[in-house]
Amino acid sequence: MSGVAEFKHLFPIDSVQRVCDLFNEQLRSEKEPDLALFSIIIGAVENNLTNVKNNDKDVNLSTNKFVKMKFPCVEWEEVKSLHDKFVSLMKGGVDAKLLNGEHATRDLVKRVADVVWNSLTRSYYKDRAHLQSIYSFLTGNKLDCFGVAFAVTAGCQVLGKRDVHLALSEDHAWVVFGKDGSDTAEVTWHGKGNEDKRGRSVGDGVSARSWLYVAGKPVVCTRIMELAALVSSINPTLTPTIDVHEVALMQYTLLWLLYDKGQLDAYPMALGNLGDLVEYMKISNSKEDTSDSSVSDISYIHSNNGTPRPDSAALYVQAIRSSRTHYEDRHVYPYTFQGGYYHRQKMYKEAFHAWACAGDVIRHYNYSRDDEEIYKEFSEIANEIIPQLMKAESSGHSARSILKDPECFASLLRFYDGICKWEEGSQTPILHIGWAKPLVSTISKFDAEVRAQVHIICNPDTDEQSDKSKGSSVKEERPNENDKWNNNSENIEMTVREQLTAAVNSRPRVTLYSHKMAALKPLLLAERLNTHALQLQLTAQSQLQRPQAPTKRRDDDEPSPCTPTPRAKRARRER
């Protein structure tokens with residue numbers, strides 16, 4: 001681990017360039033980074049710049065989407081003092097007997113987690129910004145979910161256990177440890193009252209098919225990737241609607257630095273965040289003169305070898321490719337990042353496709369109360385964004401309107417089907433009337449002749465088998481460019497004649513995996529939509545959602561495809 005004193009000559013840290021110099025020196029070193037040191041420095045900069053009480057009183061917050069602040073001066077003495085405090089806390093709080101052996105044990109990991117946990121104020125800070133750094137921990141005794149996991153990882157590093165690494169899902173964090181990194185342990189909280197999980201394996205969450213644990217395909221960090229996680233967690237917000245430009249610029253430059261070193265290749269969330277920052281910088285440059293910045297983002301248009309850097313759209317594609325390559329396409333946010341970008345660019349057909357792919361991913365999970373964040377993401381897309389843009393599109397007379405495009409209708413069916421499949425086998429229903437009304441309203445905007453052009457295949461009981469055979473959903477979702485709007489490349493339910501007919505007519509096709517959507521097929525293709533019947537079936541809780549034995553998968557029962565089943569009565573960041 002790099003000695004703290006090795007970086008003394010770079011102090012005081014008083015500009016974005018100084019922070020970049022610090023990271024550059026570490027990336028050139030063969031020693032692993034001191035996580036606590038970097039977290040303290042990044043936290044000191046972010047917290048000082050985003051503390052409204054400390055900032056310029058002359059800034060008119062009501063007329064800005066971002067503001068510029070004077071970069072703070074972070075002194076060596078302050079950083080050294082805080083670092084010593086963290087080291088002392090870790091070494092003083094852990095029994096020396098737990099440090100025996102080359103690798104960490106579950107008892108040691110739990111003890112370090114307890115040391116961090118017991119030092120916090122007795123409150124939960126899930127939705128509070130700027131609480132992810134060890135600086136926040138040492139100066140205010142406050143940490144968010146990610147911050148606790150990062151502090152535990154840094155604490156184990158201080159104690160000499162180099163096998164403990166951070167594991168990140170899309171809304172949770174834990175650690176891996178052991179000789180081959182195969183052991184897992186909960187070290188932080190998610191939601192209220194979950195502190196008793198500390199020390200447990202995450203296996204229960206994975207077997208429950210919770211999105212929170214991304215099917216056991218988290219981003220398992222190396223030490224440098226843990227630095228990338230620290231940078232990706234930086235939050236530039238001053239208020240819910242205003243960003244501090246210097247914090248965003250620091251995050252932007254550091255992510256590019258790590259990108260150039262290949263440290264983001266297996267980190268979809270960081271690639272998505274960088275894509276958002278590229279778009280943000282483009283907007284900020286068009287509104288403000290950045291000539292007084294210590295590091296101009298203009299210098300990051302080209303890489304060190306002079307080649308043009310990827311734009312936002314390309315970075316979102318890289319995030320998707322990363323998820324497909326490294327995590328069997330089990331991460332949702334790369335697609336919602338992309339869908340949000342296309343929506344902002346008014347590329348609605350492409351946005352529908354991205355959201356449909358997000359639906360294809362979420363259908364592999366069972367919904368639970370822990371999935372609050374992704375639930376809100378899908379709810380915003382389904383119940384706010386799509387209805388608003390459909391309303392705007394339906395008021396025009398453009399020949400290229402999405403309402404006349406059967407591929408858009410097919411994408412919407414895929415999106416809604418993914419949500420319905422997510423609901424199946426779950427203890428908590430999703431599609432209450434607040435979801436059903438916007439869904440039915442959206443579908444009703446498409447004329448019968450447009451809906452009839454979509455070839456709908458119903459396979460509500462073959463999802464698991466196809467997962468096993470393909471090992472990844474990449475082939476299924478986009479087998480080739482010509483089939484980009486179809487979410488099933490095998491078409492096992494189509495006869496030869498049907499395949500020929502579909503090819504001749506160039507009909508987009510979509511496979512419905514949920515029982516609920518499959519049962520709606522006759523209604524969806526009817527010349528006249530029965531909106532009342534659609535709402536009733538969507539809000540009815542399927543009998544297939546009954547509790548099952550733990551060893552039984554949710555699709556083990558095999559009713560006939562497309563056969564309506566008996567139904568019981570019902571019991572997001574964007575800059």
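A disulfide is counted here when two cysteine sulfur atoms lie within 2.5 Å. The model is predicted.

**Exercise 1. State how many disulfides the structure holds, and classify Cys 20 and Cys 145 as buried or exposed.**

Solution.
- Step 1. Under the criterion above, the count of disulfides is 0.
- Step 2. The cut-off for a buried residue is a relative accessible area under 20%.
- Step 3. Cys 20 has 4% relative accessibility, so Cys 20 is buried.
- Step 4. Cys 145 has a relative accessible area of 12%, and therefore Cys 145 is buried too.

**Exercise 2. Work out the strand order of the open sheet that contains strand 2, and identify its edges.**

Solution.
- Step 1. Strand 2 (residues 165-168) is joined to strand 3 (residues 173-177) by a hairpin of 4 residues.
- Step 2. These two strands pair in the antiparallel sense over 4 bridges. His 165 has Val 176 as its bridge partner in strand 3, and Leu 166 has Val 175.
- Step 3. Strand 2 also pairs with strand 5 (residues 219-220), again antiparallel, over 2 bridges. Here Ala 167 is bridged to Val 220.
- Step 4. The open sheet has 4 strands in the order 4-3-2-5, with antiparallel pairing.
- Step 5. Strand 4 (183-185) and strand 5 each have a single partner strand, so these two are the edges, and one side of each lacks a neighbour in the sheet.

**Exercise 3. Determine which residues of strand 2 lie on each side, and which helices lie across the strands of this sheet.**

Solution.
- Step 1. Side chains in a regular strand alternate between the two faces of the sheet.
- Step 2. In strand 2, His 165 and Ala 167 are on one side, with Leu 166 and Leu 168 on the other. These four residues are all buried, and both faces of the strand are covered.
- Step 3. Helix 6 (residues 145-158) lies across strand 2 and strand 3, at about 155° to strand 2.
- Step 4. Helix 4 (residues 106-118) lies across strand 3 and strand 4, at about 25° to strand 4.

**Exercise 4. Set the burial of helix 8 beside the figures for the protein chain.**

Solution.
- Step 1. The chain has 23 helices and 11 strands.
- Step 2. Of its 575 residues, 57% are buried.
- Step 3. The chain exposes about 24400 Å², with 49% supplied by carbon and sulfur atoms.
- Step 4. In helix 8 (residues 223-232), 10 of 10 residues are buried. Among them are the charged-type names Arg 223 and Glu 226, as well as Ile 224, Met 225 and Leu 227.

Terms used:
Residues numbered from 1 in each chain as written. Predicted model: local features only at pLDDT ≥ 70, side-chain atom pairs only at ≥ 80, totals over all residues. Heavy atoms only, no water. Buried < 20%, exposed > 50% of the residue type's maximum accessible area, 1.4 Å probe, protein only. Areas by Shrake-Rupley, 256 points an atom, 1.4 Å probe, with all protein chains shown as cover. Pairing = 2+ DSSP bridges. Contact = heavy atoms within 4.5 Å. Axes fitted to C-alpha atoms, helices over the stretch in contact; angles between N-to-C directions.
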